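This report goes through one protein chain, from a single residue outwards to its sheets and its overall dimensions. Please keep the sequence and the structure in view while reading.

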Amino acid sequence: MRYSLAVHGGAGTILKSKMTPEKEAAYHAGLRRALEAGEAVLRDGGAALDAVTAAVCALEDEPLFNAGRGAVFTDHGEQEMDAAIMDGRDRRAGTVASIFGPKNPVRAARAVMENTVHVCMTGLNALEIARKAGVEFADKDYFFTQARWDALQDTLKMKANGVDDDDPARRHGTVGAVACDNDGNLAAATSTGGWTGKAKGRIGDTPVIGAGTYADNATCAVSGTGHGEIFMRWTAASEIAARMRYAGETLEQAAKHVVMVDLAENDGSGGLIAVDREGNITLPFNSQGMYRGHVRAGEEAVTAIYG
């Protein structure tokens with residue numbers, strides 16, 4: 001086997017007409033740092049699970065992306081984060097929902113997977129599990145970014161005037177990683193702040209196993225980004241695995257159908273990254289863009305934003 005890794009920084013990309021060369025360069029740099037963090041694990045013979053953890057942590061540390069430090073604000077002016085991780089070897093999974101405090105929510109999700117008999121946790125007990133596992137916490141100042149706060153004010157003004165906020169940079173945003181290691185094991189991890197101005201307590205597809213996150217060595221590992229409610233209703237991530245398992249489709253065929261048909265035809269704007277047990281990668285999206293990147297053993301890393 002030869003390892004492969006893919007990352008995404010969300011389908012909530014800045015409209016091409018509003019993108020500056022400086023911002024574009026910053027996004028590419030952030031994606032490359034995530035690829036470098038994950039590939040460093042795989043290059044040393046490490047596990048896919050550790051690689052996706054490292055890659056997502058790098059994305060959560062980058063304020064440009066809507067996860068961790070760059071999480072958006074709810075309609076109550078708060079930040080509520082969701083995260084998930086899944087191990088393709090045995091389908092173990094851990095997720096957290098509507099939490100605030102851990103610098104890297106994906107580590108909190110992994111703490112749930114490794115230290116409890118449960119899959120999804122929320123509330124004070126989720127935070128206590130993270131603390132006991134040694135997950136680092138931060139205060140409100142660490143997570144505050146002026147750009148996210150300003151975006152909330154814009155969205156609240158639109159709502160007050162009865163106007164829909166259709167800017168994808170405010171409506172969507174997630175980070176994720178999928179990997180196949182040198183032993184052929186798969187893993188996926190996803191993290192998000194949701195969407196700007198979301199209702200307090202809203203939970204999206206990210207921590208819903210089979211919707212926004214999925215991994216099974218028999219088929220594929222998937223991390224999604226986009227209109228979470230549609231990803232949940234169409235069980236997008238596990239549907240790709242099902243089409244591979246039962247219809248005999250390739251990873252690319254299955255992922256393309258889910259993104260371009262199941263999601264696109266049902267108001268499910270967004271995209272996903274996926275890898276199969278042979279290390280094949282696909283990164284389909286039906287929106288104007290998706291921050292994304294991938295790398296394989298012995299090859300140069302590639303990053304992209306638009307179609």
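Leaving aside its neighbours within four places in sequence, aspartate 205 is in contact with Ala211, Gly212, Gly228, Phe231 and Met232. The model in which these contacts occur is a predicted one. Aspartate 205 is found in the loop that joins β6 (186-192) to β7 (213-215). Is this residue paired in a salt bridge or without one? Aspartate 205 is buried and has no salt bridge. The nearest side chain of opposite charge belongs to arginine 202, at 5.3 Å. A salt bridge would need a side-chain nitrogen within 4 Å of a carboxyl oxygen.

**The chain as a whole**

The protein chain contains 10 helices and 12 strands. Its C-alpha atoms fill a box of roughly 55 × 45 × 35 Å along the principal axes. For 307 residues, a compact globule would have a radius of gyration near 19 Å, and the value of 17 Å for the protein chain agrees with that. Of the 307 residues, 58% are buried. Among contacts with a separation of 6 or more, 68% are between residues 24 or more positions apart.

**The sheet of eight strands**

In general, strands of a sheet pair through backbone hydrogen bonds, and the pairing is either parallel or antiparallel. Eight strands of this chain form an open sheet with mixed pairing, in the order β4-β3-β2-β6-β5-β1-β11-β12. Which strands stand at the edges? They are β4 (120-122) and β12 (302-306); each has a single partner strand, so one side of each is left without a neighbour in the sheet. From one strand to the next, the twist averages 10°.

Helix α4 (residues 123-132) packs on this sheet and touches β3 (92-99) and β4. The direction of α4 makes about 110° with that of β4.

At the other edge, strand β11 (residues 289-296) pairs with β12 in the antiparallel sense over four bridges. Arginine 292 stands opposite alanine 304 in β12, and glycine 293 has threonine 303 of β12 as its bridge partner. In a regular strand, side chains alternate between the two faces of the sheet. The hairpin of β11 and β12 has five residues between the strands, and glycine 298 takes a positive phi there.

**The sheet of four strands**

Another open sheet has four strands in the order β7-β8-β9-β10, with antiparallel pairing. Here β7 and β10 (281-282) stand at the edges, and each has a single partner strand, so one side of each is left without a neighbour in the sheet. Between β7 and strand β8 (residues 220-226) there are three bridges, in the antiparallel sense. In one of these pairings, threonine 213 has serine 223 in β8 as its bridge partner.

Two helices lie across this sheet. Helix α9 lies across β7, β8 and β9, and runs at about 145° to β8. Helix α10 lies across β8, β9 and β10, and runs at about 165° to β9.

**Residues with positive phi**

The table lists residues that take a positive phi, with the place of each.

| Residue | Place | Phi |
|---|---|---|
| Threonine 235 | loop between α8 (228-233) and α9 (236-247) | near 35° |
| Aspartate 267 | loop between α10 (251-263) and β9 (270-276) | about 65° |
| Glycine 298 | hairpin of β11 and β12 | near 80° |

Threonine 235 and aspartate 267 have these values although neither is a glycine. Are they buried or exposed? Threonine 235 has a relative accessibility of 36% and so counts as partly exposed. Aspartate 267, at 54% relative accessibility, counts as exposed because the cut-off for that class is over 50%.

**Aspartate 50**

A further aspartate, aspartate 50, is placed in helix α2 (residues 48-60). With a relative accessible area of 33%, aspartate 50 is partly exposed, whereas aspartate 205 is buried. Not counting residues up to four places away in sequence, aspartate 50 touches Val41 and Arg110. Histidine 28 is 22 residues from aspartate 50 along the chain, and the C-alpha atoms of the two are separated by 23 Å.

Technical notes: Residues numbered from 1 in each chain as written. Predicted model: local features only at pLDDT ≥ 70, side-chain atom pairs only at ≥ 80, totals over all residues. Heavy atoms only, no water. Pairing = 2+ DSSP bridges. Axes fitted to C-alpha atoms, helices over the stretch in contact; angles between N-to-C directions. Contact = heavy atoms within 4.5 Å. Buried < 20%, exposed > 50% of the residue type's maximum accessible area, 1.4 Å probe, protein only. Lys, Arg positive; Asp, Glu negative; His and termini not counted. Rg over C-alpha atoms; globule rule 2.2 N^0.38 Å.
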